[in-house]
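This briefing concerns the predicted model shown below. It covers the nonpolar core, a buried polar residue, the overall fold and the confidence of the prediction.

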Amino acid sequence: MARVNELLRSLLGPHILEKYPTEDLVTIVAIDTTKDFKHATVTITATDNLNQHLAALNRLAPELQRIIKPRLDFRAIPVLTFVNDPEAEKQIHLEQLLDNL
């Protein structure tokens, strides 16, 4: 499963940069593919506007799936769902608390 997740990560990264140019840094933290390869959860972080980026990438997901389909030798291409990294949110919150001291 780790190999599939890494393959998806390597395929998605450049296409996200191409199809979704942004001034904010958007990073793929992890990809978790289900055992049947029908769904893949893509965890991201962003330097700013995280919810806006999540919404935009989830709208872009069907196009990204079509783009990577020829590169994957799977019967079904995973449905991509972009989510935020809860650990990154905790870290940002802690940094804000420290800044307010």
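Leaving aside residues up to four places away in sequence, valine 42 touches Leu12, Ile28, Ala30, Ile31, Leu80, Thr81, Phe82 and Val83; a contact means heavy atoms within 4.5 Å. The model is predicted: local features need pLDDT of at least 70 and side-chain atom pairs pLDDT 80 or more, whereas totals for chains, interfaces and linings use all residues. Residues are numbered from 1 along each chain as its sequence is written, and side-chain values use heavy atoms, without hydrogens and water.

**Nonpolar core**
- The largest nonpolar core (buried Ala, Val, Leu, Ile, Met, Phe, Trp, Tyr and Cys residues joined through side-chain atoms within 4.5 Å) has 24 residues, of which Leu12, Ile16, Val42, Leu80 and Phe82 touch the most other members.
- Two or more residues each come from α1 (2–19), β1 (26–33), β2 (39–46), α2 (50–68) and β3 (79–84).
- Helix α2 gives the largest share, eight residues.

**Asparagine 5**
- Asparagine 5 lies in helix α1 and is buried, at 13% relative accessible area (buried means under 20%, with a 1.4 Å probe and protein chains only).
- Beyond residues up to four places away in sequence, asparagine 5 touches Ile31, Asp32 and Thr33.

**Fold**
- Three helices and three strands follow the pattern α-β-β-α-β-α along the sequence; these are DSSP runs (helices H or I, at least four residues; strands E, at least two), numbered from the N terminus.
- Of the 101 residues, 34% count as buried.

**Confidence**
- Mean pLDDT (the predictor's confidence in each residue, from 0 to 100) is 89 for the protein chain, and 99% of its residues reach 70 or more.
- Among the elements, helix α3 (residues 86–99) has the lowest mean, 75, and β3 the highest, 96.

Key
Buried < 20%, exposed > 50% of the residue type's maximum accessible area, 1.4 Å probe, protein only.
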